[in-house]
Amino acid sequence: MTGMSSASTALRKRAAYGTATADGGKPSRRPTRRYRESLVGYAFLTPTLILLGVFVLLPLVGAVVISLQKTNGFGAGTFTGLENYARLVRDPVFWRSTLNTALFTAIVTPVSMLLGLGVAVLLNSVLPARGLFRSILIVPMAISGVATALIGTLVFDQNNGVLDKMLRSLGLPAIQWQSGSTAAFVSVVLVTLWWRVGFNMLIYLAGLQGINPYLYEAARLDGANGWQQFRYLTVPMVGPSSFFLLIMNVIYSFQVFDIVFVMTGGGPQNATSVLVTYAYDNGFVTRDQGYAAAIGVVLLLATMTFTAVRWRSSRNRDPVE
Amino acid sequence: MSSLRVDGNPVDGNRSRQEAGYAAARRRRHRSGLALRIALAIVACAVVLFPLYWMVVVAFSTRSDLFSSGLRLWPQSFTLENFQRVFSSFPISAWFGNSLAIALVTSAITVSTSLLAGYAFAQLKFRGSSFLFLVALSTLMIPVQVIMVPLFKIVTQLGLYGSYWAVILPTAASAFGVFLSRQFILAIPRDLFEAARIDGAGQLRIFLQIVLPLCKPLLAVLFFMSLLQTWNDFAWPLIALKDNALFTLPIGLLYLQGQFGSDYGGTMAFALLTVAPMVVLFLVFQRFFVQGFARSGIQ
């Protein structure tokens, strides 16, 4: 609250009209323009703040409280301190789910970004029917996770799936996509990539279109070949897009649910269980809701840590400003 | 080839010959590169389209075709029996109605709250503005599974459980929408607001008469993205909707698959019905979608 208001006395007089007095019954002091602007600001924010407050922030506090209780969701729980967290440390399924989540993130994030950038560069170059190619590649973005996962189930079915039939007709061994643990994990990753690469491509395309074409002309005149232009011009120039996508992809991967839940349900033998599916199972299947909340809190801490570290390490490419 | 001949012409000056040589080399590289790039683009599109194509084939095939052993990549028969089976055994039209109602109402709320908040964050000065913006933005990091247990309690206590509002209200405020709106409105020159203010316009009038008309592309982007997200939303509706009659399409789809099991014909027929409207809308609205991302300042 500095300056400005004193400089605009005339404006203030013109702008201030009969609003209720806010500073304790001194009718002579009318609210300043700045004060009214604040009021309007809060008023405009109110719907968003109420919705986020009641349906996100309040439950967030609730999650921390419930994570310290033993409760099945009916009636009041009993306070057990950090017992749920102590159980997590001893729980092999929790560790398996954590490992799977980390592995999933470590594979899906770079691969979907690389594929997205590759396809974006391809479709940013001079190409016939470029618009059609672009449209086709972003179609998966319009499809629900459930439908995507069910199509994945259809294609990867180990008894009757078209993929195994293709492999067999090529003389290759069929893969046990449902009963093999590695294969099941791979199938979830592949379906996720199919679903997510379009989004990465779209963001990279927007980034590429912001690059001045004269830069490439200059690079060519300096004798840079295609790879050098990509490495030393394209990659740095789409840095802000990469930063944004890195955060979005990691957050998405930490929270992957639809595909895993529908395709494998976490199986076989927890081979594809991730933190959110494990939390869901505890919260709404076995109804060990305090434990589910504790898993959620761990997941949230992991997400926040990652975001904070990333943010700090690249303040200079802040996408918010 | 003609450029090669120019290259070999000794009459040309040194410099122009060299330039022509570069041009020719570039064109040659361009031509072989073009074929490769077209091939790559076709492969990428085939990978994307094949699963969708297969969904359509299975949806229109008989059960015996599905379970035949050999590899057949094209339809052997054409039947509507899967669709008839789906429609006769499940309340499909009610599910469509639920999804449509929930998606439309949620999107309307998302668009209006995001625009209001985005305008406040972009153009109004008030105490705590950047702090509140960070708080709003940080809710992006919170997956619904983290808060689902207490959220379910709150929704029940508010008496929303068992109605559309149980799904609508918890998902209506969008941090991403607020972010997008703020970026978009930041790009509007401040002079415009100052001028209106000097002319005596109140904030509400500025918002309605200056900001809204300039934000039409943003409105389209926000509305469509919210519609898409709500139409396809799964995790929270799965928890919040227990009554079969209130199911949205993704929940209905999963329920139907549970009934049909490995009989994919019916599941794929219904999957096709739920996917088709959004894919069509998506392709029609694509321009807004891409434009919205490009103008949001994310780059």
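In this short talk I will go through a predicted model with chains A and B, beginning with chain A, moving on to where the chains touch, and ending with one residue of chain B.

Let me begin with chain A on its own. Its secondary structure comes to 14 helices and 2 strands, and of its 321 residues, 39% count as buried. If we take the contacts in chain A that have a separation of 6 or more, 66% of them are accounted for by residues 24 or more positions apart. The domain assignment splits chain A into domain 1, residues 9-66, and domain 2, residues 92-317, and the centres of these two domains, taken over C-alpha atoms, are separated by 41 Å.

Chain B is likewise given two domains, with domain 1 covering 2-59 and domain 2 covering 82-295. The contact between them takes 4 residues from domain 1 of chain B and 7 residues from domain 2 of chain B, and on the domain 1 side the residues that touch domain 2 divide into 4 nonpolar, no polar and no charged.

Now to the place where the chains come together. Here 80 residues of chain A are in contact with 71 residues of chain B, and on the chain A side the largest share, 21 residues, comes from helix α2, which runs over residues 33-66 of chain A. Sorted by class, that side of chain A has 54 nonpolar, 21 polar and 5 charged residues.

I would like to spend a little longer on helix α13 of chain A, residues 275-285, and its packing with helix α7 of chain B, residues 144-157. At what angle do α13 of chain A and α7 of chain B pack? The angle is about 15 degrees, and the axes are 9 Å apart; since angles under 35 degrees count as roughly parallel, α13(A) and α7(B) are therefore roughly parallel to each other. Their crossing is left-handed. From α13(A), the residues V276(A), A279(A), Y280(A) and G283(A) meet Q145(B), M148(B) and V149(B) in α7(B), and by class this contact has 5 nonpolar, 2 polar and no charged residues.

Within chain A, α13(A) also packs with helix α14, residues 289-313, at an angle of about 160 degrees and with the axes 7 Å apart, which makes α13(A) roughly antiparallel to α14(A). This crossing, too, is left-handed. Among the residues that α13(A) brings to this contact are V276(A), A279(A) and G283(A), and these three also appear in the list of those that meet α7(B). On the α14(A) side, the partners include Q289(A), Y291(A) and I295(A), and the residues of the contact as a whole divide into 8 nonpolar, 4 polar and no charged.

Finally, let me turn to M141(B), which is placed in the loop between α6, residues 129-138, and α7 of chain B. Is M141(B) buried, partly exposed or exposed? It counts as partly exposed, because it has 18 C-beta neighbours inside 10 Å, and a residue needs 20 or more to be buried. Leaving aside its neighbours within four places in sequence, M141(B) is in contact with I251(A), T303(A), M304(A) and T307(A). As for a residue of its own chain, D263(B) lies 122 residues from M141(B) in sequence and 38 Å from M141(B) in space, C-alpha to C-alpha.

Terms used: Residues are numbered from 1 along each chain as its sequence is written. Chains are lettered from A and ligands numbered from 1 in the order in which they are written. This is a predicted model: local features need pLDDT of at least 70, side-chain atom pairs count only at pLDDT 80 or more; totals for chains, interfaces and linings use all residues. Axes are lines fitted to C-alpha atoms, for helices over the stretch in contact, and angles run from 0 to 180 degrees between N-to-C directions. Helices (H or I, at least four residues) and strands (E, at least two) are DSSP runs, numbered from the N terminus. Angles under 35 degrees count as roughly parallel, over 145 as roughly antiparallel, 65 to 115 as roughly perpendicular and the rest as oblique. A crossing is left-handed if the near helix is turned anticlockwise from the far one by less than a right angle, and right-handed if clockwise. Two residues are in contact if their C-beta atoms, placed from the backbone, lie within 7 Å. Ala, Val, Leu, Ile, Met, Phe, Trp, Tyr, Cys and Pro count as nonpolar, Asp, Glu, Lys and Arg as charged, and the others, Gly among them, as polar. A residue is buried if 20 or more other C-beta atoms lie within 10 Å of its own, exposed if 12 or fewer, and partly exposed in between; C-beta atoms are placed from the backbone. Domain bounds come from an automatic or database domain assignment.
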